Amino acid sequence: MKQLIGHCGLDCEQCDARIATINNDDELRERTAEHWCKMNNTNEIKPEHINCMGCRVEGIKTYFCTCMCEVRKCCIEKGYETCGECSDRTSCEKLAHFLFNFPEDVDEEKMCNKFASIFLFPEKTFKQEIYGSHRKELYIEELIDLRQAYGISVAAIVHEAYDLGIIDRDHYIYWFESIIKDNPREEGWGEYLFPETLGKENRINAIISGQLL
């Protein structure tokens, strides 16, 4: 893999920070620092921080790379060269934080969940897996199954079910107020509890027969 491809997949060779470093271009450093501050809604990035040879190569790094980039931090913690190697694709929510500059009045976490759900779980597949275009309720067991299968958080699945009109607002609020709010990291929910029903067809039959009720 090309060493100047960053952990996030962007080409460091085309990055203004690296270009400014190689050419010792203070004017470009100032423009880059100003632009990155706007992109990341911060005032912490200064022109003197814009010195970098690339996030995966030896040498100096920008303040953003070393202190602010959640994608780089995640890859290093998991031992990956880039996030493209990661099977835990809920990291796409981290990519959404990295790629988009959301307005202040937008629920950023909700938008990142939505990005992950659309990217990993398109509408046609979602409706096939969730069994239909309308459901009275969703069950934790089936959502754990889907989380395992698609690498997407339960929160993102519930968001998408509501956005597609599969569940109503009352059930959506129930999920977030009664279940997800108290456990936003979705820890301790375990694995899928009914291995004999793992997979779409068996899961659907289990729902119909009342095994997941």
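# A tour from helix H10 to helix H4

Being four residues apart in helix H10, Tyr172 and Phe176 are separated by about one helical turn, and selecting these two residues is a convenient way to begin. The model on the screen is a predicted one. Both Tyr172 and Phe176 are buried, and Tyr172 has a relative accessible area of 10%. Show their rings as sticks: the centres lie 5.1 Å apart and the planes meet at 50°, so the pair of Tyr172 and Phe176 counts as tilted.

Next, add Tyr162 to the selection. Its ring centre lies 4.4 Å from that of Tyr172, with the planes at 20°, so this pair is stacked. The stacked pair links distant parts of the chain, since Tyr162 belongs to helix H9 (residues 154-163) and Tyr172 to helix H10 (residues 169-180), 10 residues apart. Tyr162 is partly exposed, with a relative accessible area of 23%, whereas Tyr172 is buried. Through these ring pairs, Tyr162, Tyr172 and Phe176 form a cluster.

Staying with H10, select Trp175 and display its surroundings. Leaving aside residues up to four places away in sequence, Trp175 touches Leu138, Tyr139, Ile140, Leu143, Val154, Val158 and Ile180. Trp175 is also one of the residues, together with Leu143, Val158 and Ile180, that touch the most other members of the largest nonpolar core, which has 22 residues. Colouring by helix helps here, as helix H7 (123-130), helix H8 (140-150), H9 and H10 each supply at least two residues of this core, and H9 gives the most, with six residues. Another core, of 18 residues, lies apart from this one and includes Ala33, Ile50, Cys65 and Val71.

Val71 leads on to helix H4 (residues 70-78), where Val71, Arg72, Cys74 and Cys75 are buried. Which side of H4 do they occupy? They cover an arc of only 165° around the axis, which puts them on the same side of H4. Just after H4, select Gly79, which takes a positive phi of about 80°.

For the last stop, move to Asn24, in the loop between helix H1 (16-23) and helix H2 (26-39). Its phi is near 50°, a positive value in a residue other than glycine. Most residues other than glycine have a negative phi. Is Asn24 buried or exposed? Asn24 is exposed, with a relative accessible area of 56%.

Note on methods:
Residues are numbered from 1 along each chain as its sequence is written. This is a predicted model: local features need pLDDT of at least 70, side-chain atom pairs count only at pLDDT 80 or more; totals for chains, interfaces and linings use all residues. Side-chain values use heavy atoms; hydrogens and water are left out. Buried means under 20% relative accessible area, exposed over 50%, partly exposed in between (1.4 Å probe, protein chains only). The arc is that of the directions from the helix axis to the C-beta atoms. Rings of Phe, Tyr and Trp (its six-membered ring) pair if their centres lie within 6.5 Å; planes under 30 degrees apart count as stacked, over 60 as edge-to-face and the rest as tilted. A nonpolar core is a set of buried Ala, Val, Leu, Ile, Met, Phe, Trp, Tyr and Cys residues joined through side-chain atoms within 4.5 Å. Contact means heavy atoms within 4.5 Å.
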